[in-house]
Amino acid sequence: MMGASNGVAELLDTLGPSARTGRGEQWAGQCAQVLGLDGVAVTMDAELVLFSDRISARLEDVQFVLGHGPSVPLRPEIELCQVPDVQQLPHGAWPQFAAEAQKLGIAAVFVWPVRIGAVVAGTLTGYRRSPGPLASRQAADGWLVADVLAAHVLAHWPSASASASASASASASEDGPGTAGAVDMHRAEVHQATGVLSVRLDIPLADALARLRARAYTEGRPLTETAHDIVKTLPS
């Protein structure tokens with residue numbers, strides 16, 4: 001691939017086969033390695049679709065729960081966001097995020113927007129355990145990875161039209177999670193639990209999600225685990 005370092009060019013050629021054989025996490029780990037990072041995660045349309053390790057997934061979860069951080073909110077004009085030292089954030093920027101990142105052992109965060117045309121549809125977020133900015137080559141390679149990921153996710157996005165019904169339709173959809181080349185939606189139970197709370201408490205979905213986030217943050221647990229506890233109470 002023109003403009004890419006050898007390692008990144010080889011990596012991008014293996015994205016499709018890795019997805020089809022269920023080796024997405026391994027591919028993401030290799031992606032982090034060639035970009036000089038300790039981990040990466042990809043989020044599309046508020047869905048965590050790919051991550052290299054538990055820390056990268058938890059980093060995205062923390063930002064989703066807090067509603068702020070380097071990866072959120074998405075803005076049309078967003079460019080590469082570099083946070084070379086999360087302990088040196090400007091006063092008032094992303095309150096609580098630095099403390100949560102420190103708990104995870106994260107010292108630096110880097111976010112590339114994943115664009116589909118002119119629309120910012122998601123993010124490629126990488127972290128490092130040591131502070132410091134990206135080298136220019138790392139930044140450029142990250143843009144190439146983000147572009148290829150956008151094309152891949154667009155081609156293999158599950159056909160379910162509503163995220164809230166993703167978990168119910170996944171098993172029935174021919175191109176849902178688990179199918180060759182598909183994009184796994186790791187927050188399916190979050191959407192399902194949000195719907196459950198909305199019905200039980202007779203409140204709008206947005207308020208139900210806010211309550212779910214607050215419960216996860218108060219308990220200091222991943223949002224997916226909190227959602228799972230609610231979903232498993234449903235009658236089988």
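Strands β1 and β5 run antiparallel and are joined by 6 bridges, and that pairing is a good place to start reading this predicted model. The chain holds 10 helices and 5 strands, and 48% of its 236 residues are buried. Below you will find the strands, the nonpolar core, the cysteines and the charged pairs, in that order.

**Strand β1 and its partners**

- Within the pairing of β1 with β5, V40 stands opposite G126 of β5.
- β1 also pairs with β2, again in the antiparallel sense, over 4 bridges. Here M44 stands opposite E47 of β2.
- The link between β1 and β2 is a hairpin with 2 residues between the strands. If you like checking backbone angles, look at D45 in the turn, which has a positive phi of about 50°.
- Which way do the side chains of β1 point? G39, A41 and T43 point one way, while V40, V42 and M44 point the other way.
- Residues on both of those faces are buried. With 6 of its 6 residues buried, β1 is therefore largely enclosed by the rest of the structure.

**The nonpolar core**

- The largest nonpolar core has 29 residues. Inside this core, the residues with the most contacts are W27, L37, L124, V145 and L149.
- Helices and strands both contribute: α1 (6-13), α3 (24-34) and α6 (136-156) each give two or more residues, as do β1 (39-44), β2 (47-51), β4 (108-116) and β5 (119-128).
- Which element gives the largest share? That is α6, with 7 residues.
- As background, nonpolar side chains tend to be buried together in soluble globular proteins.
- L37 is a handy residue to select in your viewer. Leaving aside neighbours within four places in sequence, L37 is in contact with A32, F110, W112, G126, Y127, R128 and L134.

**Contacts and surface across the chain**

- Among contacts with a separation of 6 or more, 60% are between residues 24 or more positions apart.
- The accessible surface of the chain comes to about 11300 Å². Carbon and sulfur atoms account for 55% of that surface.

**Cysteines**

- How many disulfides does a search of the whole structure find? The search finds 0.
- C31 has a relative accessible area of 1%, so this residue is buried.
- C81 also counts as buried, because its relative accessibility is 16%, under the 20% cut-off.

**Charged pairs**

- A search of the whole structure finds 10 salt bridges. In general terms, side chains of opposite charge can pair when their charged atoms come close.
- One of these salt bridges joins the side chains of R58 and D61, at 2.7 Å from N to O. R58 and D61 lie 3 residues apart in helix α4 (residues 54-66), about one turn of the helix.
- Are R58 and D61 buried or exposed? R58 is buried, with a relative accessible area of 17%, and D61 counts as buried at 6%.
- Farther along the chain, E225 forms a salt bridge with R221, with the closest N and O atoms 3.7 Å apart. E225 is partly exposed at 39% relative accessible area, and R221 counts as partly exposed at 24%.
- R221 also meets D229 in a salt bridge, at 2.8 Å from N to O. Salt bridges that share partners join R215, E219, R221, E225, D229 and K232 into one network.

Key
Residues numbered from 1 in each chain as written. Predicted model: local features only at pLDDT ≥ 70, side-chain atom pairs only at ≥ 80, totals over all residues. Heavy atoms only, no water. Buried < 20%, exposed > 50% of the residue type's maximum accessible area, 1.4 Å probe, protein only. Contact = heavy atoms within 4.5 Å. Areas by Shrake-Rupley, 256 points an atom, 1.4 Å probe, with all protein chains shown as cover. Core = buried A, V, L, I, M, F, W, Y, C linked by side-chain atoms within 4.5 Å. Pairing = 2+ DSSP bridges. Disulfide = S-S within 2.5 Å. Salt bridge = Lys/Arg side-chain N within 4 Å of Asp/Glu carboxyl O.
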